[in-house]
Amino acid sequence: MWSEFSQPIALSLQVAVVSSVIVVLSGTFIGRIMARTSFKGKTVIETFLMLPLVLPPTVVGFLLIVIFGMNSPAGQLIERIAGFPVIFTWWAAVIAACVVSFPLMYQASKLGFQIIDREIEDASRVDGADERQVFRHVSIPLAIPSLVTGAVLAFTRALGEFGASLMFAGNIPGQTQTAATAIYVAIDSGDMTIAWLWAGALVLLSFSLLFAVQLIRK
């Protein structure tokens with residue numbers, strides 16, 4: 001019973017942690033660029049970056065299969081490099097989680113950098129700091145509340161990802177079955193006890209993280 005319960009939870013946490021690291025790094029970097037630069041086509045790029053937030057999960061999953069499937073150029077390249085196809089592996093769940101959670105981190109990061117007083121950054125440049133030092137020692141510390149919020153939202157979104165992961169990673173027990181997909185299977189088979197346990201664990205973890213963010217922001 002414990003093994004049946006713990007495996008999907010452990011995999012969900014593993015996928016959420018790995019995808020969150022990727023999303024936090026990329027979302028912070030891109031958010032900073034988009035908050036501080038203006039160029040032709042910026043609106044189109046921003047719309048594209050935010051698109052996974054409004055697309056149905058099944059559409060996201062379908063597009064991931066098209067892009068990274070075994071017959072696609074990207075999928076074949078990954079198979080040659082890694083030695084195995086990415087589809088129907090836990091890495092597929094990571095990719096799906098990254099795609100659907102990235103907009104949350106990106107938006108929080110962008111807003112966090114936008115509200116920073118540029119005069120503070122300019123003052124550090126006058127004192128001799130280069131752009132990397134301004135980013136690391138001025139911009140990042142001032143944007144920390146927004147970055148933490150984005151990171152938690154991205155983590156919880158990745159933790160509960162279902163539709164895209166089910167299509168792209170599948171539902172293989174012990175390999176790609178996350179808690180979200182396990183709940184679906186349990187309900188479908190009528191095993192409400194284990195479904196309640198998985199659902200309760202996800203609710204408790206997500207509530208705890210969001211509650212902690214509220215305390216930090218205060």
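In this predicted model, a search for enclosed space turns up one cavity of 30 Å³ or more. The volume of this largest cavity comes out at about 40 Å³. Its lining is made of S12, V15, A158, L159, E161, S165 and T178. Two helices, α1 (2-36) and α7 (131-159), each put at least two residues into that lining. Chemically the wall is a mix: three nonpolar, three polar and one charged residues surround the largest cavity.

Open space comes next. The largest pocket holds about 500 Å³, and 19 residues line it. Sitting nearest the centre of this pocket are F48, P52, L64, I95 and V99. Four helices give two or more residues to the lining of the largest pocket, namely α1, α2 (42-50), α3 (57-68) and α5 (90-114). Of the contributing elements, α5 gives the most, with seven residues. As for chemistry, the count for the largest pocket is about as one-sided as a count can be: 19 nonpolar residues, with no polar and no charged ones.

The second largest pocket offers about 160 Å³ of space. Its walls are formed by V24, L25, T28, F29, M105, F135, I140, I144, L147, V148 and A151. Here the elements that supply two or more residues are α1 and α7, and α7 has the largest share, with six residues. Sorted by class, the lining of the second largest pocket has 10 nonpolar residues, one polar residue and no charged ones. Helix α1 thus turns up again and again: it gives at least two residues to the cavity lining, and two or more to the lining of the largest pocket and to that of the second largest pocket.

Back to α2, one of the helices around the largest pocket. The buried residues of α2 are K42, E46 and L49. Looking down the axis of α2, these buried residues fall within an arc of 60°, so they line one face of the helix. The other side of α2 carries T43, V44 and F48, which are exposed. F48 is also among the residues that lie nearest the centre of the largest pocket, so a residue classed as exposed is part of that lining.

Within α1, S19 is worth a closer look. This serine lies in the helix and is buried, with a relative accessible area of 0%. A polar atom of the S19 side chain lies 2.8 Å from the backbone oxygen of V15, and V15 is itself one of the residues lining the largest cavity. Leaving out residues up to four places away in sequence, S19 touches V94, A97, C98 and A158. A158 is another of the residues that line the cavity.

One backbone oddity remains, at F88. This residue has a positive phi of about 60° although it is not a glycine. F88 is placed in the loop between α4 (73-82) and α5, the latter being the helix that gives the most to the lining of the largest pocket. At 42% relative accessibility, F88 counts as partly exposed.

Notes
Residues numbered from 1 in each chain as written. Predicted model: local features only at pLDDT ≥ 70, side-chain atom pairs only at ≥ 80, totals over all residues. Heavy atoms only, no water. 1 Å grid on protein atoms, 1.4 Å probe; cavity = no way out; pocket = protein on both sides within 12 Å on 5 of 7 lines; lining within 4 Å. Points joined across faces, edges and corners; volume = space filled by probe spheres on them. Nonpolar A, V, L, I, M, F, W, Y, C, P; charged D, E, K, R; others polar. Buried < 20%, exposed > 50% of the residue type's maximum accessible area, 1.4 Å probe, protein only. Arc of directions from axis to C-beta. Polar contact = N/O pair within 3.5 Å; in protein donor to acceptor, adjacent residues only side chain to side chain. Contact = heavy atoms within 4.5 Å.
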